[in-house]
There are 2 protein chains.
Amino acid sequence: MQQTRVRRPRIADVAEAAGVSKAAVSFAFNNPERLKPETADRIRVVASELGYRPHPVARMLSAQRTMTIGVLTPQPLSQVFANPFFAYFAEGVSSVTEEHGFGLLLISPLRGSLTRALDRATVDGVVALGLDENHPEIEAIRRASVPMVLVDAPGWVEHSSVQVDDEAGARAAAEHVVGLGHRDVLIIAVEGPVANPSPDEGPNGGQEIGESVTARRLRGYLSALEPAGLEVGPGSIVVAPATFEGGEAAFLRAWEDGFRPTAVLAMSDALAIGALQASRHLRLRVPRDLSVVGFDDLPIGRFSDPPLTTVHQPVRRKGEEAARLLLDGLGARAGSPAQHRMLKTRLVVRRSTGAPPAGAGREEVGLGE
Amino acid sequence: MQQTRVRRPRIADVAEAAGVSKAAVSFAFNNPERLKPETADRIRVVASELGYRPHPVARMLSAQRTMTIGVLTPQPLSQVFANPFFAYFAEGVSSVTEEHGFGLLLISPLRGSLTRALDRATVDGVVALGLDENHPEIEAIRRASVPMVLVDAPGWVEHSSVQVDDEAGARAAAEHVVGLGHRDVLIIAVEGPVANPSPDEGPNGGQEIGESVTARRLRGYLSALEPAGLEVGPGSIVVAPATFEGGEAAFLRAWEDGFRPTAVLAMSDALAIGALQASRHLRLRVPRDLSVVGFDDLPIGRFSDPPLTTVHQPVRRKGEEAARLLLDGLGARAGSPAQHRMLKTRLVVRRSTGAPPAGAGREEVGLGE
DNA sequence: CGCGTTTACTGAACCGGTTTAGGACCCGAG
DNA sequence: CTCGGGTCCTAAACCGGTTCAGTAAACGCG
């Protein structure tokens with residue numbers, strides 16, 4: 001009974017069985033109007049009896065397009081998915097790719113190399129998330145000359161881009177906190193894939209980190225904190241992966257190091273919610289004892305207790321715009337100029353921020369722990 | 001300057017430029033040991049000068065494999081990503097596919113048809129999430145005979161499966177709540193892609209819903225509630241999409257309909273957290289006035305306030321196991337028997353559940369609103 | 001020097017479709 | 001009867017690689 005691996009029927013098999021040419025079979029599926037209706041029907045019947053399905057790879061090769069677009073991330077997918085941000089971004093991308101009948105391929109480093117992954121990827125174009133100039137393989141990626149839209153990275157001449165005004169958003173967050181009277185603020189930065197490339201671990205590392213999202217947001221924070229005369233010392237910036245756990249651990253670590261902030265500026269909502277949890281462990285009340293500001297404005301921020309003050313960025317729309325730009329570029333004959341979109345951010349004040357506690361300003365407030 | 005669309009160099013171009021055959025070029029990349037070292041080097045130099053990259057689609061066609069696996073979801077991706085559950089599952093899948101050098105393609109219905117999407121998908125195998133017998137295209141999908149591992153669906157003879165003991169988990173949740181003394185419990189079910197196919201809207205719709213996850217969990221709940229003499233009336237089961245917003249809205253809706261539960265059994269953590277938020281709006285204190293139990297045990301459950309009592313299921317591991325099973329099956333010569341894994345669930349009691357309030361049992365407790 | 005073996009490479013078939021140019025046939029008009 | 005035109009279908013080229021069988025030259029060796 002068990003056939004020794006029945007070979008998948010191919011177009012030639014159908015053609016033979018139906019007594020027509022391969023071309024006729026192809027037409028029956030793709031240009032039925034070129035055949036006599038009854039012929040087309042007969043071919044389709046035969047095809048279905050044989051269980052024939054056109055081989056998608058062969059079709060791609062011949063058609064010279066894959067009807068698939070890629071989402072490129074410099075981190076392994078297991079890391080990418082850990083940040084809820086990605087789901088919303090992907091939701092945006094997929095909503096427009098789906099509408100246009102494109103599939104979605106996730107592209108992450110293959111055995112350490114993004115270039116290798118990109119070379120293997122069967123896509124018509126790519127939405128690259130957080131791929132900045134500092135990426136070690138950036139030149140190779142550029143040379144691959146796959147149609148590409150950059151997200152959260154400054155665009156290049158040849159590639160369109162979708163950005164968000166990270167710096168202004170971060171500044172607004174910091175100004176809010178300064179305006180409430182806080183003097184001791186902890187910054188929780190997201191541990192980028194592109195870590196600070198220079199060995200110099202200076203806290204004002206804006207320059208070294210390069211134009212990553214982290215760098216831009218940090219610049220935004222500092223541009224509000226420094227003019228207000230707040231010293232942002234080495235201990236007041238901690239770095240963590242953009243996850244709940246990361247935020248919790250980061251805050252706890254800072255606390256153990258003796259830092260007693262009255263406000264936290266977190267570079268993502270996930271980090272902020274982690275910090276919220278950490279503060280609960282330490283029996284700090286938010287916002288009475290501690291103010292927390294996030295970044296992203298993911299739905300989860302509305303559902304935390306208290307609801308999170310955060311910087312809104314249109315995450316879903318970023319995905320949509322990027323996908324649209326990419327598809328437009330694919331449709332247009334080559335030579336259409338790159339477009340660069342800068343989307344706005346805005347501070348959303350909810351209930352996780354308030355005035356600092358009365359006794360603040362000294363290092364030893366003696367709360368909790 | 002602007003060349004009229006410089007054609008991508010192909011292997012023949014490299015061969016000609018290097019004065020060798022196509023085969024030699026191919027060897028230079030894939031079997032360098034078959035060439036004299038200097039020849040291989042020379043070819044590679046020429047190739048790189050021309051900017052040659054082997055065409056991935058052609059390679060797939062020839063190699064008869066794509067080195068890509070698909071994750072198939074019956075819902076549009078925009079819906080799929082809205083449930084945080086998916087990110088963790090995908091994390092699991094991707095961790096093993098990445099390790100083996102496989103890419104990840106997301107497969108969702110194409111213009112309404114999953115079959116169409118599957119036929120277009122260039123994958124060596126598929127992990128199908130929540131694809132149960134009731135799916136209208138199930139027969140066509142089966143016939144496609146793509147290597148497939150079913151997740152959260154009973155396996156078929158020909159396909160391996162990874163499941164979780166939903167029924168036992170749900171029963172444990174309900175028993176916990178009953179054990180605490182609750183009599184008025186609200187069930188928030190997830191609105192499946194496969195909604196109840198029969199028009200009969202009976203509340204005990206376990207049968208009609210078929211073997212979906214929702215059906216299994218509902219059976220589990222009822223198997224603990226009914227023996228305890230709790231009546232599970234029409235008003236006590238509400239349905240919502242598995243998102244934060246869905247849970248919030250569902251609870252509010254039930255409340256407006258006059259239902260006054262002292263406990264909520266939610267079929268996902270996202271729903272539970274939404275319910276938590278709704279209870280805050282209504283000024284119900286959890287767990288004093290209301291107990292809430294989730295399902296999944298996603299990290300977010302640890303970070304809610306109060307931390308969520310929930311049914312743990314190994315979401316990440318489900319993804320890993322499915323991917324592993326699939327890859328094993330691909331490696332093995334055909335005929336290796338399907339394997340079926342049933343993973344355990346367990347109740348994790350945190351702080352969102354407690355005894356019902358003293359005055360409970362009557363419908364009009366007069367709390368909040 | 002002659003013969004068998006290696007080495008280094010090539011030509012052609014193959015993967016499974018799509019598409020273009022054109023052939024066979026039939027019809028109606030001149 | 002012939003010619004133009006339309007209909008329906010086919011042969012062959014093509015997409016861009018990999019691989020198998022085979023060959024020519026170099027090599028080892030008695």
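**Entry 1: DNA strand C**

I began with the helices that face the DNA: α2 (22-30) and α4 (56-63) of chain A, together with α2 (22-30) and α4 (56-63) of chain B, each supply at least two residues of the surface near DNA strand C. I note at the outset that this is a predicted model. Among these helices, α2(A) gives the most to that surface, with five residues.

I then listed the surroundings of the strand. I found 29 residues around DNA strand C, and the closest are A:Ile11, A:Ser26, A:Asn30, A:Ser62 and B:Thr39. I sorted the surface near DNA strand C by class and recorded 13 nonpolar, nine polar and seven charged residues.

Which part of the strand does the protein meet? I took the atoms of DNA strand C within 4 Å of the protein and found that 63% belong to sugar or phosphate, the rest to bases.

I looked up individual approaches to phosphate oxygens of DNA strand C, and I noted three from chain B.
- An N or O atom in the side chain of B:Thr39 is 2.5 Å from a phosphate oxygen of DNA strand C.
- For B:Lys36, I recorded a polar backbone atom at 2.8 Å from a phosphate oxygen of this strand.
- For B:Ser21, the side chain places an N or O atom 2.9 Å from a phosphate oxygen of this strand.

**Entry 2: DNA strand D**

I repeated the search for the other strand. Of the 29 residues around DNA strand D, I found A:Thr39, B:Ile11, B:Ser26, B:Asn30 and B:Ser62 to come nearest. The surface near DNA strand D again draws on α2 and α4 of chain A and on α2 and α4 of chain B, each with at least two residues. Here α2(B) has the largest share, five residues.

By class, I recorded 13 nonpolar, nine polar and seven charged residues in the surface near DNA strand D. Sugar or phosphate accounts for 63% of the atoms of DNA strand D within 4 Å of the protein, and bases for the rest.

I noted contacts with three parts of this strand. A polar side-chain atom of A:Arg34 lies 2.9 Å from a base nitrogen of DNA strand D. A polar backbone atom of B:Ile11 is 2.6 Å from a phosphate oxygen. The side chain of B:Tyr52 has an N or O atom 2.9 Å from a sugar or linking oxygen.

**Entry 3: where chain A meets chain B**

I turned to the protein chains. The contact takes 56 residues from chain A and 56 residues from chain B. I recorded a buried area of about 4,800 Å² between the two chains, with carbon and sulfur atoms giving 59% of it. On the side of chain A, A:Arg53, A:Phe81 and A:Phe303 lose the most area to chain B, together 15% of what that side buries.

How many salt bridges cross the interface of chain A and chain B? I counted six. For one between B:Asp305 and A:Arg280, I found the closest N and O atoms 3.9 Å apart. I also counted 14 residue pairs in polar contact between the chains, both residues being at pLDDT 80 or more.

I checked which elements of chain A take part. Those that each supply at least two residues of the side touching chain B include α4, α5 (77-82), α6 (84-99) and β2 (103-107). Of these, α6(A) gives the most, with seven residues. By class, I found 27 nonpolar, 15 polar and 14 charged residues on that side.

Last, I examined the strands. β2(A) and β2 of chain B (residues 103-107) pair in the antiparallel sense over three bridges. Within this pairing, I noted B:Leu106 as the bridge partner of A:Leu104.

Definitions and conventions
Residues numbered from 1 in each chain as written. Chains lettered and ligands numbered in written order. Predicted model: local features only at pLDDT ≥ 70, side-chain atom pairs only at ≥ 80, totals over all residues. Heavy atoms only, no water. Near = heavy atom within 4 Å. Polar contact = N/O pair within 3.5 Å; in protein donor to acceptor, adjacent residues only side chain to side chain. Helix = DSSP H or I, 4+ residues; strand = E, 2+ residues; numbered from the N terminus. Nonpolar A, V, L, I, M, F, W, Y, C, P; charged D, E, K, R; others polar. Contact = heavy atoms within 4.5 Å. Buried area = accessible area lost by both parts, 1.4 Å probe. Salt bridge = Lys/Arg side-chain N within 4 Å of Asp/Glu carboxyl O. Pairing = 2+ DSSP bridges.
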